[in-house]
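Grab a pencil and open the viewer. Here are a few exercises on charged pairs and strand pairing, each with a worked solution.

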Amino acid sequence: MGNVAQGFRDYFCRPKNTNMRISLPAVCFIWQIAMIVLFGVFIRYDEESDTHWVEHRREENITSDAENDFYFRYPSFQDVHVMIFVGFGFLMTFLKRYSFGAVGFNFLVAAFGIQWALLMQGWFHHLDLETGKISIGIESLINADFCVAGCLIAYGAVLGKVSPVQLLVLTLFGVTLFAVEEYIILTLIHARDAGGSMVIHTFGGYYGLAISWVLYRPNLHQSKRLNGSVYHSDVFAMIGTLFLWMFWPSFNGAITDHGDGQHRAAINTYLGLASTVLTTYAISSLSAKRGHLDMVHIQNATLAGGVAMGTAAEFMIQPYGSLIVGFCCGILSTLGYLVFTPFMEKHLKIQDTCGVHNLHAMPGVIGGVVGAITAAAATVDVYGKEGLINTFDFEGDFVNRTVGNQGAHQAAGVCVAIVFGIGGGAIVGTILRFPIWGDPEDDNCFDDEVYWELPEDEESIPPILEYNNHMTSKHPDMSESNFSVEQS
């Protein structure tokens, strides 16, 4: 009890002559109390999760509980949930001394963000103007996970360089911006983006890059010894890659229409991912003098096909089209890690820790462009009249929209996502520069010891030379013999 009391005194009763710092416990307690109040005022169960489901079933002549949307969506929700909390978290554990921060802060951001996302998306999409209430069901939970995914992508760009409080601020504004740009793209523009190439990956990628640009650290080289991986950290990161890779078909098809659309989304994503793996391995091997593979490429670029297939996942792109998209993305994403990331750090002053430009931003734009082209090229012969209406939702206010117009609106959606990502990221990055968030010093970045209690045997271990660096090339003077000594 003494340690707990001392902790409260340290965080809530700081001496007045010290620099003001907003503490993590204060933010968490205040935020959760606010969520309890807001959920009490606004959030209610929807008709399929309420006890009045029995009456609703009778009124709608629904013959079985199996027709409840829960049974259609929950398997996909499970997969998406695992991607958010396990896949994204473990993918970022490649840093040798920041595994706690990668998985732990990923957990914190996701739990923080999904509550705010349910409110923000509810106000835009599910608010009953008569009652003032928001109805949520299983699809709401999936969409909240999608919303948080954009913030976790942004986290990858600033991994190891920000405090947990800064991450919560990033998420607060990120979820808000996401809800607005999603509403503009999906409702006002009426673009189709089932797997979120535009609204999730393009927005999240450029949001994180813009924040990283504003938070540029000219002296980050002081932590260079920790900005890299070791053997076991790359193995853990590969676990995240495999979870993401396996469940990405569910991610892209989670909220598509039941039936052929969801079926097609799984097939297209499955093939796009498989194609990306082959070209990633090829380019990674070709780029090395002795043909060795780089784990950075294998962990990240192999997922680019899933990102790029997000928009066109439910379209009739054909299986060979999915393979082409994956083929191109594997090449471009791997080249991104080889060329674009060092270029952006040197010339654009963007320190992209995880390379989110190459895995999310660039493939997201490619996915949006592919979606626009595929939509514009749609024909009645390929889709059928009813299939065309169903796929692009040409109903209500959009009943007279042509496929050419739809293609143009798909392209406009890409532009909206980029503008919101870069513009919002620049503004939020400026807020995060305020000296009240407790961010680490330049020589303490990428180190769990700043924010976590570490086991004693870990705290005494001297820094290990990196053999694999996500930002720069390997040391030319590091021989295989030196490597084996360090690892032993």
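**Exercise 1.** Is D442 buried or exposed, and which side chain meets D442 in a salt bridge?

*Solution.* Keep in mind that this is a predicted model.
- Step 1: D442 has 19% relative accessibility, and buried means under 20%, so D442 counts as buried.
- Step 2: look for the partner. The side chain of R217 meets D442 in a salt bridge, at 2.7 Å from N to O.
- Step 3: R217 is buried too, at 9% relative accessibility.
- Step 4: place the pair in the chain. R217 sits in the loop between α8 and α9, D442 in the loop between α17 and α18, and the two are 225 residues apart.

**Exercise 2.** Which residues do salt bridges with shared partners join into one network?

*Solution.*
- Step 1: start from R73, which is buried at 6% relative accessible area. R73 has a salt bridge to D69 at 3.7 Å, N to O.
- Step 2: R73 and D69 are four residues apart in helix α4, so about one helical turn separates them.
- Step 3: R73 also forms a salt bridge with E139, with the closest N and O atoms 3.9 Å apart. E139 lies in helix α6, so this pair ties together parts 66 residues apart in sequence.
- Step 4: put it together: D69, R73 and E139 make up the network.

**Exercise 3.** What is the strand order in the open sheet, and which helix packs on the sheet?

*Solution.*
- Step 1: the three strands run β1-β3-β2, with mixed pairing.
- Step 2: β1 and β2 are the edge strands, each pairing on one side only.
- Step 3: helix α5 packs on the sheet and touches β1, β2 and β3, its direction making about 110° with that of β3.

Terms used: Residues are numbered from 1 along each chain as its sequence is written. This is a predicted model: local features need pLDDT of at least 70, side-chain atom pairs count only at pLDDT 80 or more; totals for chains, interfaces and linings use all residues. Side-chain values use heavy atoms; hydrogens and water are left out. Two strands pair if DSSP finds at least two bridges between them. Contact means heavy atoms within 4.5 Å. Axes are lines fitted to C-alpha atoms, for helices over the stretch in contact, and angles run from 0 to 180 degrees between N-to-C directions. A salt bridge is a side-chain nitrogen of Lys or Arg within 4 Å of a carboxyl oxygen of Asp or Glu. Buried means under 20% relative accessible area, exposed over 50%, partly exposed in between (1.4 Å probe, protein chains only).
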